[in-house]
Amino acid sequence: MDISQHIVFLIEIIGTIAFASSGTMVAIEKKLDLFGVIILGLSTAVGGGMIRDLILGIHPPMMFQNSIYVKISVIVSVIIFLIVYWNNQILNSKYMKRYTFVMNLFDAIGLGAFTVIGIHTAYDVGFYDRTLLLTTVGMMTGVGGGMVRDVLAGQTPTVLKKHIYASASFVGAIVCIIMIRSNIDYSISMIIGALLIIIIRFFATKYRWNLPKAVK
């Protein structure tokens with residue numbers, strides 16, 4: 001495995017941990033039991049990748065070809081569940097500001113990591129010149145897990161209402177694709193694309209940037 005493959009794998013693991021954590025915290029907030037927590041954590045972590053693989057015709061999806069992502073998701077979900085189970089005060093109002101920050105951070109990291117991983121996967125199977133496909137697959141990999149999480153949790157998907165979410169994924173995906181086509185190192189292009197998404201999400205949350213709505 002060369003250095004670029006190591007970096008891609010590291011980004012995948014970071015994204016998996018981040019989204020599994022995000023899904024787990026939503027499940028705990030909804031007062032689901034241990035099984036529900038694991039399902040929501042797992043769905044958030046691998047849901048986007050599953051959608052990506054279905055679009056690209058990868059069979060079976062990567063989560064079944066390499067179980068490391070499922071294992072990490074389950075382990076992360078159980079660990080967070082146990083931490084909260086033994087320390088319920090973590091969810092008290094005193095800690096809610098910190099909890100919200102951590103949730104947004106997990107979401108941003110997962111969104112950035114999986115958006116560029118989706119683009120990498122599409123390139124890997126030969127879709128070099130399909131800009132619309134590359135962008136769509138990147139975005140769906142990034143937002144898909146969160147959409148599955150929110151639907152299972154019975155709430156409006158974050159991507160449809162939260163400050164600059166899918167838009168951040170779109171911008172990062174386009175920048176990543178442009179850099180790769182400009183012969184900039186593959187790994188650097190992915191890292192910069194992911195970091196750009198995380199930065200946009202950070203500022204969008206901090207300053208409450210939103211797309212316009214028909215009804216205010």
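How many cavities of 30 Å³ or more does the count come to? The count comes to 1, and we'll get to that cavity after a look at two helices. This is a predicted model, where local features need pLDDT of at least 70, side-chain atom pairs count only at pLDDT 80 or more, and totals for chains, interfaces and linings use all residues. Residues are numbered from 1 along each chain as its sequence is written, and side-chain values use heavy atoms, leaving out hydrogens and water.

**View 1. Helices H1 and H2 cross.** H1 covers residues 3-29 and H2 covers residues 34-56 (helices are DSSP runs of H or I, at least four residues). Their axes come within 7 Å and cross at roughly 140 degrees (axes are lines fitted to C-alpha atoms over the stretch in contact, with angles from 0 to 180 degrees between N-to-C directions).

**View 2. H1 meets H2.** On the H1 side look for Thr16, Phe19, Ala20, Gly23, Thr24, Val26, Ala27 and Ile28; on the H2 side, Gly36, Val37, Leu40, Gly41, Thr44 and Ala45 (contact means heavy atoms within 4.5 Å). These residues split into 8 nonpolar, 6 polar and no charged (Gly counts as polar; Asp, Glu, Lys and Arg count as charged).

**View 3. The largest cavity holds about 140 Å³ of space.** A cavity is a set of points on a 1 Å grid where a 1.4 Å probe fits but cannot get out, and lining residues have an atom within 4 Å of a point; the volume is the space filled by probe spheres set on the points. H2 gives the most to the lining, with 6 residues. The lining includes Glu12, Arg52, Asp53, Tyr69 and Phe114, and divides into 7 nonpolar, 2 polar and 3 charged residues.

How values were computed. Helix = DSSP H or I, 4+ residues; strand = E, 2+ residues; numbered from the N terminus. 1 Å grid on protein atoms, 1.4 Å probe; cavity = no way out; pocket = protein on both sides within 12 Å on 5 of 7 lines; lining within 4 Å.
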